[in-house]
Amino acid sequence: EGWIPEGNSVFYPQNGAVKEVSQTWWKLVLDEMGLTLCTNGSSSGSACFGYSQEEDPMFGCSDYRIAQLAGDGGEAPDIILVYMGTNDVLMSAAIGDNDGRRAVEEGMVGNFSDGYTMILDKIAKRYPAAQVYCCTLLPVGNWGSTESQPFVPLVNGQEATSEAYSAQIRLIAQNRGLPVIDLEKCGITLENMAQTTADGVHPTPEGMRLIADTVRKSLTK
């Protein structure tokens, strides 16, 4: 709250385990690396797919969301981290077969890989000097049935786990020559998910620390 564009959907601190902005992974990275925030262009519940020309923060591929990445004075960011896709998993969006090399028409973008590719295309056009990083997804868990196994992999309506969406992100990034920040391997696992997430999806401060360490290491390579 207070750190995203006006009108976008807020999650913290009303929900989850993170109560202070200083606990978020991106604020940890900014503070520890001496970077300046241009915009935290996020909106809770939003996905990559959707209506690309609607002024609705739910659609990550929209011109509306891409324009939000500029600073308050219209300045362009030097670094852009694209961390999108978890809600596509939760909404059972079809992954699609776009490998990042096929242009996507404006309008209703119906699958994850088309939406992700359109996001990158629009970022490249609007912020051509920015260094773009693609982030894979954290493992997404579903509640398990035993105390010894509180979380199991979430399998969505496409019979897919978050790993399949992360694999598509890696493919798209590779074909576009973009570096990958592999959050899938940041240290959050099914085995420690009860401590590192509040619900199998949203990180706790402990989980945020693991994400921040992985991002910081990737940015300093």
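1. Ile 95 sits in the loop between H3 and E3, and in this predicted model Ile 95 touches Asn 111, Phe 112, Ser 113, Ala 160, Ala 164, Tyr 165 and Gln 168, when residues up to four places away in sequence are not counted. With a relative accessibility of 17%, Ile 95 counts as buried, because the cut-off for that class is under 20%. One of the partners, Ala 164, is 69 residues away from Ile 95 in sequence, while the two C-alpha atoms are 8.0 Å apart in space.

2. The loop between H3 and E3 also holds Ser 92, whose phi is near 60°, a positive value in a residue other than glycine. Ser 92 has a relative accessible area of 22% and is therefore partly exposed. A second residue with a positive phi, again of about 60° and again not a glycine, is Glu 159, which is found in the loop between strand E6 (151–153) and H5. Glu 159, at 67% relative accessibility, counts as exposed. A colleague who checks backbone torsions may wish to look at both residues.

3. Helix H4 comprises residues 112–126, and its 15 residues reach 21 Å from the first C-alpha to the last, close to the 21 Å expected at 1.5 Å a residue. How much of H4 is covered? The helix is mostly covered, with 11 of its 15 residues buried; the buried residues are Phe 112, Ser 113, Asp 114, Gly 115, Tyr 116, Thr 117, Met 118, Ile 119, Leu 120, Lys 122 and Ile 123. The elements that cover these buried residues include helix H2 (63–67), strand E2 (79–82), helix H3 (86–90), strand E3 (108–109), strand E4 (131–135) and helix H5 (162–176).

4. From the side of helix H2, the residue to consider is Ile 66, which lies in that helix and is buried, with a relative accessible area of 5%. Once its neighbours within four places in sequence are left aside, Ile 66 is in contact with Gly 60, Ile 119, Lys 122, Ile 123, Arg 126 and Tyr 127. Of these partners, Ile 119 may serve as an example, since 53 residues separate it from Ile 66 in sequence whereas the distance from C-alpha to C-alpha is 7.3 Å.

5. Across the whole structure, a search finds 7 aromatic pairs. One of them is formed by Trp 3 and Trp 26, and this pair is tilted, with 5.8 Å from centre to centre and 55° between the planes. The pair links distant parts of the chain, given that Trp 3 belongs to the segment before helix H1 (25–33) and Trp 26 to helix H1, 23 residues apart. The two partners fall into separate accessibility classes: Trp 3, at 36% relative accessibility, counts as partly exposed, whereas Trp 26, at 15%, counts as buried.

6. Why is the pair of Phe 11 and Tyr 12 edge-to-face? The ring centres are 4.9 Å apart and the planes stand at 85°, which is over the 60 degrees required, so the pair falls into that class. Phe 11 and Tyr 12 are both buried. The peptide bond that runs from Tyr 12 to Pro 13 deserves attention as well, for it is cis, with omega near 0°; Pro 13 has its place in the segment before H1. Elsewhere, ring pairs link Phe 112, Tyr 116 and Tyr 165 into a cluster, and Phe 112 and Tyr 165 are also among the residues that Ile 95 touches.

7. Ala 70 is placed in the loop between H2 and E2, and its relative accessible area of 15% makes it buried. Apart from neighbours within four places in sequence, the contacts of Ala 70 are Cys 38, Thr 39, Glu 75 and Tyr 127; Tyr 127 is also in contact with Ile 66. Ser 42 is 28 residues from Ala 70 in sequence and 13 Å away in space, taken from C-alpha to C-alpha.

8. Which residues lie nearest the centre of the second largest pocket? Among the 13 residues of its lining, they are Ile 4, Pro 5, Cys 38, Thr 39 and Asp 72, and two of these, Cys 38 and Thr 39, also appear among the contacts of Ala 70. The space in this pocket is about 250 Å³, and its lining divides into 6 nonpolar, 4 polar and 3 charged residues.

Technical notes: Residues numbered from 1 in each chain as written. Predicted model: local features only at pLDDT ≥ 70, side-chain atom pairs only at ≥ 80, totals over all residues. Heavy atoms only, no water. 1 Å grid on protein atoms, 1.4 Å probe; cavity = no way out; pocket = protein on both sides within 12 Å on 5 of 7 lines; lining within 4 Å. Points joined across faces, edges and corners; volume = space filled by probe spheres on them. Nonpolar A, V, L, I, M, F, W, Y, C, P; charged D, E, K, R; others polar. Phe/Tyr/Trp six-rings, centres within 6.5 Å; stacked < 30°, edge-to-face > 60°. Helix = DSSP H or I, 4+ residues; strand = E, 2+ residues; numbered from the N terminus. Buried < 20%, exposed > 50% of the residue type's maximum accessible area, 1.4 Å probe, protein only. Expected span 1.5 Å × (residues − 1). Contact = heavy atoms within 4.5 Å.
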